[in-house]
Each structure stands twice: as structure tokens, then as C-alpha cells.
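Work through the exercises below with the model open. Try each task before you read its solution.

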Amino acid sequence: MSRPVANPDATQPTAPGAAPGTASDVLIADNAPKRTHVTADLLHAAFALLAGALVLVFALYLRGITTGVESDAHTAAKAVEWLLDLPASLLQQLVVLIVVGMVLIQLIVNREWLQSACSVGSLLLGFAAVWGASALISQYGSPMLISSVQSAGTESGPWLLPDFYAAIAAFLTTAGPRRTRSSIKWGWNILIIGAVLLIISSWNSVTGVIVSICIGRVVGLCARFAIGTQSTGIWGMQVVHALQSIGLHPRELRRRHLDEAADHVLYATLEDDMVENSRIYELRDEDGTPYVVSVLDNQRHFAGYLNQIWQLIRLSGVAVRHDRSAISANHHHYAMMLGVHDLGLTTLRPYGVADSSESSVLVLHESPKATPCDVQGMTDADMRHLMRYINTAHRRGFTHRNITQNALARLDDGTLFLCGWQNGDYASGSTNVALDKVELLSLFATVFGVERTVAAAREAWGDATLINLIPFVQKAAVPAATRALPGWDKTLLEQLRKTMSALAPEEVSESLEQVTLSRFNARSFFAITLLVIAVGVVLTQMKPNEMIKAARDANIWMMLLVMGFSFLAWVGSAVSLGGFMNAGRRNSLGLLCSQMAAGFTAVSMPAGIGPAFVNLQFLRKSGYRSTVATAIMSAVWAVQAAVTVVLLLVIGIVNGRSTLSGMIPTNMLIFVVAGVALIVSVAMAIPPVRKKVTDKYLPIAKAYARSLLETLTQPKEVAICAAGGLLLNLATGFGFWAALLAFGYHTNPIETTFIFLLANTLGSAVPTPGGLGAVEAALSVAFTAVGVPSTIAISATLVYRIAFYWLRIPIGALAMKWLDRHNLI
């Protein structure tokens with residue numbers, strides 16, 4: 001319940017002789033400033049935790065950097081030798097006493113009892129946290145990590161990390177931000193100076209000090225968030241002074257909604273045009289004019305700022321506002337409302353903006369009042385009205401960027417309009433304009449259905465506009481509030497796209513590909529996963545010492561020949577894929593780069609899967625529909641497999657090799673076939689499964705089989721693909737032959753190719769990235785078994801894998817980047 005602020009003059013009637021409208025005769029009903037749970041504290045705690053983890057990683061894998069920093073610090077010690085005569089323990093005690101003493105004195109003098117008690121509690125928690133972290137590192141850390149953290153002043157176990165840094169950091173952080181109290185600012189300075197002195201005296205290590213401070217920051221920030229931070233915004237009489245600075249003469253100022261925002265992260269109301277986390281006041285001027293006053297504090301705005309940053313990170317190619325301060329957010333919101341009002345569109349009427357301290361005040365006329373719109377009660381005419389409303393704003397470059405059910409409002413006279421323009425923008429690009437329309441379409445489709453929505457949009461916007469919106473109809477463009485409505489389901493956007501696509505000619509609808517809006521779609525997730533796996537493979541499986549030794553002992557010209565065969569293999573696979581592509585869609589450089597890019601996927605995917613995925617994406621981007629692209633990719637795989645089998649049979653017959661016999665264990669083949677048949681039979685015996693397969697998947701399989709058959713019945717294309725497959729197989733086989741020559745071992749190239757293809761096929765069947773480990777083992781064992789000395793077989797295998805696997809990773813990454821830049825993958 002509201003109560004007058006603790007200011008006697010603020011609630012007394014006008015004194016005799018006092019000028020009307022002065023601060024002394026304003027009636028104020030406001031809450032006293034309360035502690036605020038600042039979202040930034042949790043974010044900074046996460047950053048501190050990440051920083052501590054990175055320091056430990058650097059200490060483990062980049063030991064030279066941390067050692068160099070410590071060496072420079074010890075060299076600098078000569079300039080302060082007189083200070084280093086002071087015992088380290090005494091220096092630590094001085095730092096603790098000075099910092100804790102002066103901060104507590106200031107807190108107690110200011111009667112901040114809760115803050116002082118919690119700060120001392122955080123100090124103790126800091127000790128406990130750093131002891132626990134030390135015990136974990138000592139128990140599970142590698143000897144190298146422990147040695148990089150340990151120093152003269154610490155020892156293995158709970159005391160591995162210097163503990164007083166974490167305690168003081170937690171204490172200072174809980175006491176408040178640096179800017180709030182001078183004692184806290186000087187406390188941090190003293191702590192840093194003490195840390196520098198103890199590092200250059202070799203008493204503590206750089207790594208240990210930084211990690212300890214990060215642990216203290218995490219503890220302190222979590223504690224500060226839990227107890228809250230004293231509000232730094234303006235309240236009561238300060239709001240009155242801010243209002244007087246823009247020509248208002250307040251007579252009465254009353255707070256509304258005192259308790260409603262307590263449990264909301266982004267609380268907003270129509271009264272101030274949906275400003276998130278603001279405080280709403282009723283203002284009565286000296287002439288009786290009513291106003292609505294919205295006060296936005298920096299501390300409360302931070303949650304909205306984080307939401308903007310998340311949208312900025314999540315969306316690709318979309319302009320998103322990121323107003324860091326409450327002042328910039330309110331100023332932009334005020335400009336947006338004035339601009340929309342100037343277009344003749346209905347909106348709330350802004351009066352002005354005033355800034356004071358860390359708060360910004362937005363003043364609006366109380367009339368006309370807005371009420372939430374009952375979406376279910378809207379008519380088709382209402383839908384068309386809102387569509388034309390937003391279209392008028394778009395013609396002048398204004399976009400809303402958050403059209404949800406909450407943004408729909410009505411005035412007292414029933415006029416329907418959009419509110420909440422704070423996240424919108426002017427001078428907007430075509431992407432933002434399209435997203436606005438998609439947000440409105442998805443909202444109406446969720447509430448009223450797809451057919452009714454599209455019919456209204458055709459009348460309001462026209463078919464051409466709807467056709468151009470098709471690439472933007474995707475989940476990333478729909479606000480979370482709309483997806484939470486009862487009418488939303490996963491198939492709604494697909495239905496909306498189909499209905500809109502029916503308005504376009506077939507050749508146009510096929511050419512409309514989705515615009516990439518989300519950074520975190522399946523494609524980006526695949527790319528990130530690929531990169532993480534690649535880095536993991538390179539760091540854990542690459543054996544640079546063995547590779548360097550093999551490369552050093554090999555003949556340089558033969559090594560270059562191996563690399564030449566590696567490039568020729570790319571040409572062969574490019575010819576295979578290009579054989580089935582139409583001449584008009586065949587990009588020679590793109591084809592070659594797509595096969596190079598497959599070398600990057602091999603580091604994180606089993607052999608064959610990576611190239612198939614790249615080929616499929618390349619074909620789609622080259623204009624082929626998914627069914628046709630899959631058929632072409634499958635045809636290429638089938639032809640290449642047939643060429644490999646035929647080549648093995650021919651070489652085996654000519655050379656008399658019987659190695660091919662017995663390659664497939666008969667019993668295993670029977671078990672596999674029987675298992676697959678059993679699973680299929682049981683599944684098809686279940687009516688719902690059978691119905692889904694026959695209704696949904698069987699037509700797709702038939703279309704795919706038809707496309708594959710059509711592709712394989714083209715003699716010229718099959719011949720070109722087979723020639724490319726033959727070149728690919730011979731290039732890889734001859735590449736290993738050249739690797740043997742690099743160590744002076746001469747073999748029959750045809751026989752070498754035969755053995756290589758057999759061993760490489762077996763090794764590639766193992767589901768490791770690129771057959772890593774299995775291919776090396778298979779090649780080494782196979783060639784050792786036919787008489788090649790084991791040392792030469794192993795060295796030749798390493799040289800071959802350098803050219804055909806490891807060097808392809810960076811080249812493939814560059815090729816993938818080129819393809820992505822040219823929209824070919």
C-alpha cells in the first residue's frame with residue numbers, strides 16, 4: 001500500500017505566501033526506495049566464472065605466456081626492493097585490516113546494517129569457496145596445472161590457491177559497486193596493489209591470484225543479487241524536480257501499481273506504452289491537467305537491455321536495438337511515438353522526457369486512455385485495419401519489432417492501434433519491415449486460423465507482398481509470446497507458407513528459399529558442433545612429433561606428388577557430382593570448393609557422411625529441390641561405389657588376388673538382414689505406424705525412387721560420373737603408392753591401389769571422424785602383411801594421411817567459408 005515519502009513538506013498543504021507549484025506544496029505518495037535484484041550481477045558472476053576457467057586453461061596449455069608474465073613481474077621487483085623486505089604474511093594482514101576496516105566503518109556510519117552483515121558473510125563464504133576450489137584442483141588437476149597455480153605462499157590441498165584474495169573480493173563485491181562508495185573503490189585499489197607486490201616477490205603466482213579473485217567475485221555477485229542493491233534511481237521529490245525541468249508544475253504525484261512488478265522480469269503496462277520495468281505515477285499539474293509519468297531506472301532497465309542483446313545475438317542480418325541505458329531507451333521511445341503520431345496513426349500522446357541521475361522520466365498525456373484489446377473478439381475488418389496501420393508506418397520506415405497480443409490496444413472510442421514502440425526503429429531496412437508483417441500474420445494465424453488471416457492480408461497488402469514474405473515465415477521471426485498462445489502448434493508456419501506459396505506461380509515458389517534469420521538454427525548448430533569436434537580431434541588425436549619425423553625422412557618430391565594426387569582426387573569427386581548437374585547450374589569453381597569443404601567435415605563426421613551432407617547442401621543452393629538433390633547425391637554415391645567394386649574385381653582378377661573373398665562375414669550379414677526385417681515387420685504390424693508410413697513416408701520414398709531412377713537412366717551423365725569416380729579411386733590409390741616411394745620402397749602401383757582400396761574401405765567403415773585411427777591401423781597392417789616393412793608402412797601411412805586428411809582440414813575450412821560467402825552451401 002502507498003505511503004507518503006518521509007518528507008514533511010511534501011505532504012503539507014501550501015504554506016501562506018508560497019508560490020503555487022513550488023516543491024514545498026506538492027503532495028507525494030510514493031514508496032521509499034527499495035533494494036533491487038540487479039540482473040547484471042548474475043551476468044557479471046558468469047563472466048567472472050568464465051574468466052577464472054580461461055585462466056586455468058591458459059595456465060595448462062599456454063604455460064609460456066603465464067611464465068613470461070611472472071618473469072616480467074619478478075624483473076620489475078628490483079624497483080621496489082625496499083618494499084619486499086616486508087614479510088608477506090604481514091602485508092596480507094595489513095591489506096585485510098585496512099580494506100575491511102574502512103569499508104565496514106562507512107557502511108555502519110551510513111546505517112547499512114544488512115549490507116555490512118552480508119559483506120562479512122561473503123568474506124567467510126569467499127574463504128570456503130576458494131578452499132573448496134583448491135581441494136578440487138589438487139584432487140583432480142594435472143601436475144602441470146597444480147604447479148602453475150602453486151607458489152611459495154601456498155601448498156597442495158585446500159590451501160593451493162591464495163585464499164585472502166577471494167575473501168576480500170567477495171567482501172568488496174557484496175558491499176556494493178565501486179561507484180557507490182569511496183571506501184569500496186579504494187579497497188579494490190589496495191587489493192590490486194597488494195596482489196602486484198606479492199606476485200613480484202614470488203609469494204603468489206599470477207594464475208593463483210587471478211583465479212582466487214574470480215572465485216571471490218562469483219561469491220560476492222551472487223550474494224549481492226540475493227540481498228539486492230540499494231536503488232540508485234530518483235524517487236519522490238527528485239521526480240518532482242525532474243518534471244519541473246520540462247515545464248510542468250506538479251500539484252500531486254501518486255505511485256501506481258506498487259506491488260505488481262515484483263514477480264515479473266519484464267513487467268510492462270499500456271499506461272506508458274509498454275515501457276519494461278518502469279514505475280508509473282499519476283501526475284496532477286497545478287491547472288488540474290492529468291499526466292502519466294513513467295520512471296525507468298538503469299538498474300531495472302538492464303533486464304530489458306539483456307533481452308535486446310539476446311535478440312541481437314540470436315538473429316542474423318536483422319537490425320536490433322540495444323539501448324544500454326535508461327536514458328537512451330526513453331529518448332528513442334519518445335522519438336518513435338512522436339514519429340508515429342506525426343504519420344497520423346493512433347498512438348498514446350507523449351509530452352516530454354526528463355533525465356536525472358540514473359533514471360529517465362517519460363511523461364504522457366493521460367487522455368486518450370488505452371485498454372487491452374480482446375483479440376478473440378476482433379473482426380476481419382479489425383485485422384485489415386491493423387495490417388493497413390502497420391503498412392502505413394512501414395512506408396515511412398517505422399517498424400515495431402515486437403508485435404504480440406500485448407501490443408494490441410483500443411482507445412476509449414474503440415479505435416484499434418499498436419502500442420509498445422520502444423524496441424522499434426525508424427529508417428528500417430526491408431528485413432525488419434518483413435519481420436513486422438510476419439509477426440502480425442503469425443499472431444492472427446494463431447488466433448483466427450491460416451485461411452482467414454491470408455484472406456485478410458490479401459485485401460490489405462496484396463498478393464505480391466505476401467509472396468515476398470514467404471522466405472521470412474519461420475520460427476525465428478515469431479515472438480515467444482505468440483508461440484505461447486493456445487492456438488499455436490508446430491505445423492502452423494508450414495501451413496501458412498503453403499497457403500501463401502499457392503498465390504505464386506510454381507517457378508517463383510520453388511525459387512523462394514528461406515532467409516537465414518536465426519544464428520542458432522540447425523545449420524549453425526551443425527557448424528559449431530563441427531568446429532568443436534574438429535578442434536577436439538586435432539588436439540587429442542594429432543601426433544605432430546610422429547608426423548614431423550615422417551615428413552622429415554620422406555623424399556620431398558614424392559611428398560609433393562602425394563599432395564598432387566590429393567588435389568586430383570578432389571577433381572575426380574567434383575567431376576562425379578557435376579556429371580549429373582545441368583550445365584546452366586554447374587559452377588566449376590563451386591564444385592571443386594564443395595569437394596574441398598568435405599575435407600573439413602571429415603574431421604568431425606564418419607567417412608562418407610560429411611561429403612554427402614556437403615553435396616546435398618551444394619545441390620540445394622544450386623537450385624535443385626530437396627527430392628532431386630537427394631536423388632543426385634544418392635546416384636553419385638551409387639555410381640562411385642559401383643566403380644570401386646568393379647575396379648577391385650578387375651584388379652583382383654588381373655593380379656590373381658583372392659583377398660576379396662571372405663571380406664563380409666556371412667553370419668553377420670544374415671543377422672543384420674534378419675534384424676532389419678524383424679524391425680520393419682513389427683513396425684508395420686502396428687496400425688498407427690503403418691498408416692503414418694503409408695500416408696506420409698511412402699509417397700516421399702516413391703518420389704525419391706522415381707527421381708533416382710530417372711537420374712541413373714541417363715547414359716551420358718552416368719558415364720561422366722563413373723569417369724570421375726575412377727579418377728577419384730586411382731588418385732587415392734596412387735597417392736599411397738607415391739607415399740611408399742617417398743621412403744624408397746618400390747611397389748606395383750596397380751597392386752598397391754588394390755590393397756589400399758580394400759584396407760581403406762574397411763578402415764572407413766569404422767564410425768570415427770574420417771575413419772581416424774581405423775584407417776591408419778588398416779593401412780599399416782594390410783601393407784605390412786604383404787611384405788612392406790612395418791616402419792615404412794607406418795611412415796607412408798602418416799605421409800598419406802597428412803596429405804589426404806590433415807592438410808584438407810584448413811583448406812576445407814577456407815573452401816566452406818568461400819561457399820558460404822557465395823551462398824553455395
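## Strand pairing

Leu296 has Ser360 in E8 as its bridge partner. The model is predicted: local features need pLDDT of at least 70, side-chain atom pairs count only at pLDDT 80 or more, and totals for chains, interfaces and linings use all residues. Residues are numbered from 1 along each chain as its sequence is written, and side-chain values use heavy atoms, with hydrogens and water left out.

**Exercise 1.** Find the strands that pair with E6, and state the sense of each pairing.

*Solution.*
- Step 1. Strands (E, at least two residues) and helices (H or I, at least four) are DSSP runs, numbered from the N terminus. Two strands pair if DSSP finds at least two bridges between them.
- Step 2. Take E5. It runs antiparallel to E6, with 6 bridges joining them. Glu282 stands opposite Val292 in E6.
- Step 3. Look at the hairpin of E5 and E6. There are 4 residues between the strands, and Gly288 takes a positive phi near 90°.
- Step 4. Take E8 (residues 359-365). Its pairing with E6 is also antiparallel, over 7 bridges.

**Exercise 2.** Decide how far E6 is enclosed by the rest of the structure.

*Solution.*
- Step 1. Apply the cut-offs for relative accessible area: buried is under 20%, exposed is over 50%, and partly exposed lies in between (1.4 Å probe, protein chains only).
- Step 2. Count along residues 290-297. Of these 8 residues, 7 are buried, so strand E6 is largely enclosed.

## A buried arginine

**Exercise 3.** Place Arg256 and list its side-chain polar contacts.

*Solution.*
- Step 1. Arg256 sits in the loop between strand E4 (250-255) and strand E5 (279-285).
- Step 2. Its relative accessibility is 13%, so Arg256 counts as buried.
- Step 3. A polar contact is a pair of N or O atoms within 3.5 Å; within protein, one must be able to donate a hydrogen and the other to accept it, and residues adjacent in sequence count only if both atoms are side-chain atoms.
- Step 4. The Arg256 side chain makes one of 2.8 Å with the side chain of Glu282. Another, of 3.2 Å, reaches the side chain of Glu366.
- Step 5. Widen the search to contacts (heavy atoms within 4.5 Å). Leaving aside neighbours within four places in sequence, the partners of Arg256 include Glu271, Tyr281 and Val292.

## An exposed tryptophan

**Exercise 4.** Is Trp557 buried or exposed, and which helix holds it?

*Solution.*
- Step 1. Trp557 belongs to helix H23.
- Step 2. Trp557 counts as exposed, because its relative accessibility is 62%.
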